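This report looks at the internal cavities of a protein model, then at its nonpolar cores and at a few single residues in their surroundings.

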Amino acid sequence: YVCVFVRELPHAADQWSRQHRALSANYDDAKVAMEAMAVSDNGGIGSGGGRSPNPAAGGEVVGAGPVPVGGEINLERKHMLTASAIIEASIDPMFCINERGIIVMVNEAAVRSFGYSRQEFISANIQMIVGGGHAKNHDQYIARYLKTGEKRVMGKKRELVARHKSGKEFPIELSLTEILHRGGKVAFTGVVRDLSDQKHDKVELRLKHSLTLSIIEAAVDAMFYINERGIIQMVNEAAVKQFGWSRSEFLGSNISMICGGGRAPNHDNYIKRYLRTGEKRVMGKKRELRARRRDESEFPIELGLTEVKVRKGEERSFCGFIRDLSKEKEQQKEVMRKQRLMAGILDATFDALFAINEKGIIQMVNNAAVDQFGWSRSELVGHNIRKIVGGGHSERHDDYLARFLRTGEKRVMGKKRELPARRKDGSEFWIELGLTEVRTEKGEDRLFTGFLRDLSAIKRKQRLTAGILESSFDSVFAINSKGIITMANNAATKQFGWAKEQFLNQDIAMIVGTGSGHAANHSEYIKRYLRTGEKRVMGIRRELWARRADGSEFPIELGLTELQCSELPGVEEREFVGFVRDISLQKKQETELKQKQAFTESLIEASLDAMFAIDEQGRIIMVNDTAVKKFQWSRKDFMGQNIKMIMGPEHSGKHDRYLKRFLRTGEARILGQQRELEAKRRDGSLFPISLGVTEVSIPGMADGSRMFAAYIHDLTQRHRVVEAEKAELLLLNMLPEDIALRLKADNGHIADHFPSVAILFADLVGFTKMASKMKPTELVKMLNEVFSIFDALVDKYDLNKVKTIGDCYMVTSHPGVESEFDECIHMCSFGLEMIEALHDYNRRNSSKTMNLRVGMNIGPVVAGVVGTKRFLYDLWGDTVNLASRMESTGIPGKIQCTKEVKDKAGKSFSFESRGMIHVKGKGEIETFIL
């Protein structure tokens, strides 16, 4: 910021210069006149008895001593009249006193300046006008000079204090000169200049200088003052904060210390070229560059450089103001992103879009316009919009715009119309046109946008809403000790909506919002500070709410500081300056960030899995509540410790190596993958976990450090479930499902009676002889293959495998389970397919010639589980024994059945009677071959 104070000075200096030259030219004449005035103590020009010696008024000199005769009279008179005219015309008071300090002559300016009449002056001692306590000593000064001849004040200009008739004192500059006249007597003349205005101007100049320095110090932007060699002469507080060096480190150093982007070595050459050629490549202009902080980090800035006027012969100086553009650049990126998005939206819209200026010249078109009208962009941009207008409206189109610009009458503006349009090939089609004026900056051409919808194809309307982004510098206010606004800048008028005239002489509370609760108390803050000196708000940045002219409120950052000018003479009131920055967007972003952060933290804390965040050294920087519960350490215990503290002995020593290898090579052996390993609790106990590690991308990490997230799922329960499932599967392989469920629910014995159960026994014929010739492994392998085939058939026919005893295989229907099919029929089918399956096995294994002997029966049984180890659901009863006898007395490759089986399944299968067979325990019974 540059504050320029301009004061128009009166032309007193020029008048005094002219009078001084006149006095010098007539010095000889004036001296003769003064000698003549000093002849008598009571005589002289302007004495009580004479008239004013004004030649123009025809006055004459009275009481001037002896009158010369002849030609001498005319010469003396001429000299005296000339001197009188000069003295009376002077704007500065003039006095003539004798050696005793008695006034013998005064001019009109003395009468005006001191308030005494001529009569009161003449014959009075000059000490009547002496102020500042020097009146009583004045005669001693003259006496000492007459006695010693020492010229302490004679012939010199001195600044003193004079006293008015009213008693009021004021500063003067006194020039005192000795004169000699005829007769040898000594007299003195004094010329007095009133310095009141000059002193006031000096005070005001010092005030403005202090105000300027205070504003520079309070400025948000950094300021540097350098000489022609690039050496820093002065910096403000903002520069110290922004760049990180102290004032003492800045002063005397070359400005290239803050240059970034590789420009530091060439900076002095820029200044030298300007001093040599005068070519203003950068001077007086704003440029965007890269600057460097003390910590070597670089950031974008806007630099404004200007030469400071100095006296001729002094070293040339330059002043640079630096604005940090970091936030603006981020905002610009966002704006550019939105602009690209907007351009993409415009090009993606189905409606044709044209932007034209006030002359109807096309400035921009979208893809839809190119596709719809057949012209390329280059054929449209720069041409008049009437080339696409059809139906005889082409020639009148410019008139519509001209009338609107001239009258402001909105006949078509802001409305939708249907009219014909024309393509490149000359064909015309009906469109719906919406024409709108686009807001532009003052002084720019007025722009209009038109959306054209092809009514023959498009059924829905899309509108484009464009916004104009505005940015401004921070608002600045200067207020007095009563809180009254004495100055406001342009940014304040734009930001708050009041004109400067409406700000001035108003209480600063007018811009304080109610949202912060400070409006009513604002004046009290300043009063308390002035009374106690306690800096509660002074020199500190605060966030509060401000109020615009329309009553709306918005968050701001306020920096308030006192101007260092209260100690200056003549300045009674203390002044303060405040910088106001609109932080609405910042607050919104902070709120969104806090919401997202709170949401993320909530998700992390709500996770049932343990979660850790670690740095690239493996140090823990965050844990969730689940991790605390799972591993039994507190959050404080976790923080700063290596993640290997939770690893089991197998992986504890390897974890850091995994991270280092990934950081060195980028090879993700464990990152992004799930691994199962053992973890360790605080008490040393181990438990199984699933570990997933992934790198976390954190935008804005200034030090370039990398972060990782670890997700840990406790597998203890899963392992238990897996083991339980294995046990369950094993139990189901041993027992029917319903029996297994009953056994788990009831620790007592299971025993049931069932009226009808189909039972089948199958035995490998000649197995014992075959087994004696085979190796044990081959034997078990063969039995496993054969019985596995039978097991598959059991599942196919939904039967119940009871057990295998050596080479014997026992199968039943499901006892007590109702089925939609006849289990006896299923058992018959199963038996036939068993024999066929064994024949297939023999064909696949040519060395095998096994055969089956199968027996079946159906009837009542008792079923249950006995014992406490190696559970087996077995069946007992005469039905079981008879089924076993059917197998042992049967024929290889056949199925021998009882009459009960034939009666039950006779309609579905063919049975051949074998006649009467002797059965142990039963005697002779008739059996059948299935």
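A cavity, as the word is used here, is a set of points on a 1 Å grid over the protein atoms alone where a 1.4 Å probe fits but cannot get out. The model is predicted, and every value below is computed from it. By this definition about 190 Å³ of space lies in the second largest cavity. Of the 19 residues that line the second largest cavity, those closest to its centre are Ile385, Ile388, Val389, His397 and Leu433. Two or more lining residues of the second largest cavity come from each of β11 (352-357), α14 (397-407), β13 (416-422), β14 (428-438) and β15 (447-454). By class, the lining of the second largest cavity has 14 nonpolar, four polar and one charged residues.

The largest cavity, for its part, has a volume of about 250 Å³. It is lined by 19 residues, and Ile255, Ile258, Cys259, His267 and Leu303 are the closest to its centre. At least two residues of this lining are supplied by each of β6 (222-227), α10 (267-277), β8 (286-292), β9 (298-308) and β10 (317-324), while the largest share, four residues, comes from β8. The residues that line the largest cavity divide into 13 nonpolar, three polar and three charged. Counting cavities of 30 Å³ or more, the model has nine.

The two cavities described above can be set side by side.

| Cavity | Volume | Lining by class |
|---|---|---|
| Largest | about 250 Å³ | 13 nonpolar, three polar, three charged |
| Second largest | about 190 Å³ | 14 nonpolar, four polar, one charged |

One of the elements named for the second largest cavity, β11, also holds alanine 352. Is alanine 352 buried or exposed? Alanine 352 counts as buried, because its relative accessibility is 0% and the cut-off for burial is under 20%. Not counting residues up to four places away in sequence, alanine 352 touches Asn366, Ala368, Ala369, Gln372, Phe373, Gly450, Phe451 and Leu452. For one of these partners, glutamine 372, the C-alpha to C-alpha distance from alanine 352 is 7.0 Å, at a separation of 20 residues in sequence.

The nonpolar cores come next. In soluble globular proteins, nonpolar side chains tend to be buried together. The largest nonpolar core has 42 residues, and those with the most contacts inside it are Tyr809, Phe830, Met834 and Leu852. Each of β26 (750-764), α24 (767-771), α25 (776-796), β28 (808-812), α26 (823-844), β29 (852-865), β31 (895-897) and α28 (899-905) supplies at least two residues of this core, and α26 gives the most, with nine residues. Leaving aside neighbours within four places in sequence, tyrosine 809 is in contact with Leu760, Phe761, Ala762, Phe787, Phe790, Asp791, Val794, Lys801, Lys803, Thr804, Phe830 and Met834. Apart from the largest core lies another, of 28 residues, among them Ala610, Trp633, Phe638 and Ile643.

Ala610, one of the residues of this other core, is also among the residues touched by asparagine 624, together with Ile604, Glu605, Ser607, Asp609, Met611 and Arg635, when residues up to four places away in sequence are not counted. Asparagine 624 lies in the loop between β22 (620-623) and α19 (625-631), and it counts as buried because its relative accessibility is 0%. A polar atom of the side chain of asparagine 624 lies 3.0 Å from the backbone oxygen of aspartate 609.

Two further loop residues stand out by their backbone angles. Serine 123, in the loop between α5 (118-121) and α6 (138-148), has a positive phi of about 75° although it is not a glycine. Serine 123 has a relative accessible area of 41% and is therefore partly exposed. Asparagine 505, in the loop between α16 (500-503) and α17 (522-532), likewise has a positive phi, of about 70°, without being a glycine. With 63% relative accessibility, asparagine 505 counts as exposed.

For the protein as a whole, the secondary structure comes to 28 helices and 33 strands. Of its 930 residues, 40% count as buried. Among the contacts with a separation of 6 or more, 51% are between residues 24 or more positions apart.

Note on methods
Residues are numbered from 1 along each chain as its sequence is written. This is a predicted model: local features need pLDDT of at least 70, side-chain atom pairs count only at pLDDT 80 or more; totals for chains, interfaces and linings use all residues. Side-chain values use heavy atoms; hydrogens and water are left out. On a 1 Å grid over the protein atoms alone, a cavity is a set of points where a 1.4 Å probe fits but cannot get out, and a pocket is an open set with protein on both sides within 12 Å along at least five of seven lines; lining residues have an atom within 4 Å of a point. Grid points are joined across faces, edges and corners, and a volume is the space filled by probe spheres set on the points. Ala, Val, Leu, Ile, Met, Phe, Trp, Tyr, Cys and Pro count as nonpolar, Asp, Glu, Lys and Arg as charged, and the others, Gly among them, as polar. Buried means under 20% relative accessible area, exposed over 50%, partly exposed in between (1.4 Å probe, protein chains only). A polar contact is a pair of N or O atoms within 3.5 Å; within protein, one must be able to donate a hydrogen and the other to accept it, and residues adjacent in sequence count only if both atoms are side-chain atoms. Contact means heavy atoms within 4.5 Å. A nonpolar core is a set of buried Ala, Val, Leu, Ile, Met, Phe, Trp, Tyr and Cys residues joined through side-chain atoms within 4.5 Å.
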